[in-house]
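Got your viewer open? Let's take a walk through this chain, one selection at a time.

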Amino acid sequence: GGPGAQWDYHCGSRFGAFGSLKHFTQALTPRYGPQGTAEEYLRKAQLAAYESHRAMFEGYSSRKYNATGLVQWMLNSAWPSNMWHLFDFYLQTGGSYFGVKRAVAAPLHVLYAYDESPEPEPAPASEAPDFAQVPHTDTVEDEYAARQGMASPGACCSLCLSDAQCTHSVHGVDGTCYLKNTRKNDGGNAMTLIASHGFTLCLKRSLPATVPAPAPAPVVKRGTVVVVNSRYVKDGAGLTAEATQFDLSGTVLRTQTIPLGAGVAADAALPLFRVESAAAAGTGAGASENAAANSTVLLRLQLLGRNGTANWYWLAPRQDRFEMGGCFNGCRMDRYADMRDLAAMPRAPRVDVAMGAAAAVATPGLVRRVVTLTVAAQHDGAGGGGGGGGGGIAFFTRLRALDATGRDVLPATWSDNFVTLLAGERVEIVLEHEQDAVVSAVTAEPFNV
């Protein structure tokens, strides 16, 4: 099975908040699905670690220098550990390491900023009358504002209610949203809660009961494509940024492109455009487009005209939504992004691996090999041909260098790992390892094996 007491021994102190993997697992399961075996847990954990660590570093670089920075805890583990490292006690690199490497290694980098606007979600019909019956009471707002030294009325928490439905939103000191849980509130009761429990009250005037809540607008935009230049000179002139969305079988749903023109200024970030929802694109893919509205979509960003810039994302139909409250010991979530359908992706086409001969490098004691991955042009049962027209995708393919006993050769430095390739594609990846180590084989295992 998945993590148990034996795993907890290799987490933080059993007396602290991080004495187990519960904070990680409680997000992993709703986002990526349950784990029946330890192998399945580790496979999905690598995906989550890559996604989250890349997002941290790209979140900073896309907003430099308005963002104040970030702290990565930590680089490596001092003993065998299940958390808090980019490479472990045995010098093994996993999803977190390569997620960070993808975010920071390229001097000119194209990325996806997770700045989507959360879609409006009206209350269920059975609960809607409660909002219409809530009276607006200036006395309550003014009294509370006077006590707290706030302007009245204040803004309602948008994570709890849509603007049309919001009257009073009451949060406990632990972040619990009491109005969201009960879906009704009264000014007098709110004041009682505040007086007796020390809750925080967010205020907004309600609409008259005779005015129906407006219908939510459809979501047609995702996050922003940004190009980050980490050089101290302008770069990227003449290049074109491309964003292509695929369904989970590798079929193209939508492609957007934009020229960089004169390029990106030195040590700067250039927002380009918002990714348009494939479900609302109307590109003629028919059933694939409709399925995209409720399915995970794969997004490939790249800079045409410069090799090695492909940056793959997997995007849920609805993003994570946070409750109010801190995130130090684990964020309080109202909803997790649902990407459980990744576990049911069509099986990847065959991935052939060719390992080149060892060659000396400048660093004494190390050798370098070129490993070539070639994805079959078509997959039996997957249909279609190569390229972006369908026919399969080898998603999040992990490379391992093994000795004659099947154990990992460590340390091993890869120029890239956990790569995604479409049917018919080919890529060369550089492996460096100690000269005395014997690499008997290199394996390539897609997530959708």
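## Stop one: a hairpin and its neighbours

Select strand β13, residues 359-360, together with β14: the two pair in the antiparallel sense over 2 bridges. To see them side by side, pick Ala359, which stands opposite Arg368 in β14. The two strands form a hairpin with 5 residues between them. While you're in that turn, click Gly365, whose phi is positive at about 90 degrees.

Now keep β14 selected and add β12. Strand β12 covers residues 351-355 and β14 covers residues 366-375, and they pair in the antiparallel sense over 5 bridges. Here Val353 stands opposite Leu373 in β14.

Which other strand should you add to β14? Try β18, residues 426-434, which pairs with β14 in the antiparallel sense over 9 bridges. Label Thr372 and you'll find it opposite Glu428 in β18.

As you look along these strands, here's a handy rule: in a regular strand the side chains alternate between the two faces of the sheet.

## Stop two: a three-strand sheet with a helix across it

Next, select β1, β4 and β7. They make an open sheet of 3 strands in the order β1-β4-β7, with antiparallel pairing. The edges are β1 (108-113) and β7 (268-276), each of which pairs on one side only. Turn the view and check the twist: neighbouring strands of this sheet are turned by 25 degrees against each other on average, direction ignored.

Zoom in on the pair made by β4 (residues 221-229) and β7, which runs antiparallel over 7 bridges. One spot to label is Val228, whose bridge partner in β7 is Ala269.

Then switch on helix α3, residues 38-61. This helix lies across β1, β4 and β7, running at about 105 degrees to β1.

## Stop three: a mostly covered helix

Is helix α4, residues 95-104, mostly covered or mostly open? Mostly covered: 7 of its 10 residues are buried. To colour them, select Gly95, Ser96, Phe98, Gly99, Val100, Arg102 and Ala103. What do these buried residues pack against? Show α3, β1, β9 (311-315) and β16 (412-414), and you have their packing partners.

## Stop four: an enclosed space

Time to look inside. Rolling a probe the size of a water molecule over the atoms shows where empty space is left. In this model the count comes to 1 cavity of 30 Å³ or more, and the largest cavity has a volume of about 100 Å³. Its lining has 15 residues; the ones nearest the centre are Gln92, Leu399, Arg400, Asp408 and Trp414, so select those to find the place. The elements giving two or more residues to this lining are β15 (393-402) and β16. Of the two, β15 is worth a click, as it gives the most to the lining, with 4 residues.

## Stop five: unusual backbone spots

Before you go hunting, keep the usual pattern in mind: most residues other than glycine have a negative phi, and most peptide bonds are trans.

- Trp73 and Met74: a cis peptide bond joins them, with omega about 0 degrees. You'll find Met74 in the loop between α3 and α4.
- Leu410 and Pro411: this peptide bond is also cis, with omega near -5 degrees. Pro411 sits in the loop between β15 and β16.
- Asp267: phi is positive, near 50 degrees, in a residue that isn't a glycine. Look for Asp267 in the loop between β6 (252-259) and β7.
- Phe396: phi is positive here too, at about 50 degrees, and again this is not a glycine. Phe396 is found in strand β15.

Stay on Phe396 for a moment: is its side of the story buried or exposed? Phe396 counts as buried because its relative accessibility is 4%, under the 20% cut-off.

## Last stop: zoom out

Show the whole chain again, and remember that this is a predicted model. The secondary structure comes to 9 helices and 19 strands. Of the 449 residues, 43% count as buried. The chain exposes about 21800 Å², with carbon and sulfur atoms supplying 54% of that. Finally, among contacts with a separation of 6 or more, 67% come from residues 24 or more positions apart.

How values were computed:
Residues are numbered from 1 along each chain as its sequence is written. This is a predicted model: local features need pLDDT of at least 70, side-chain atom pairs count only at pLDDT 80 or more; totals for chains, interfaces and linings use all residues. Side-chain values use heavy atoms; hydrogens and water are left out. Buried means under 20% relative accessible area, exposed over 50%, partly exposed in between (1.4 Å probe, protein chains only). Contact means heavy atoms within 4.5 Å. Accessible areas come from the Shrake-Rupley method with a 1.4 Å probe; for residues, only the protein chains shown count as cover. Two strands pair if DSSP finds at least two bridges between them. Axes are lines fitted to C-alpha atoms, for helices over the stretch in contact, and angles run from 0 to 180 degrees between N-to-C directions. On a 1 Å grid over the protein atoms alone, a cavity is a set of points where a 1.4 Å probe fits but cannot get out, and a pocket is an open set with protein on both sides within 12 Å along at least five of seven lines; lining residues have an atom within 4 Å of a point. Grid points are joined across faces, edges and corners, and a volume is the space filled by probe spheres set on the points.
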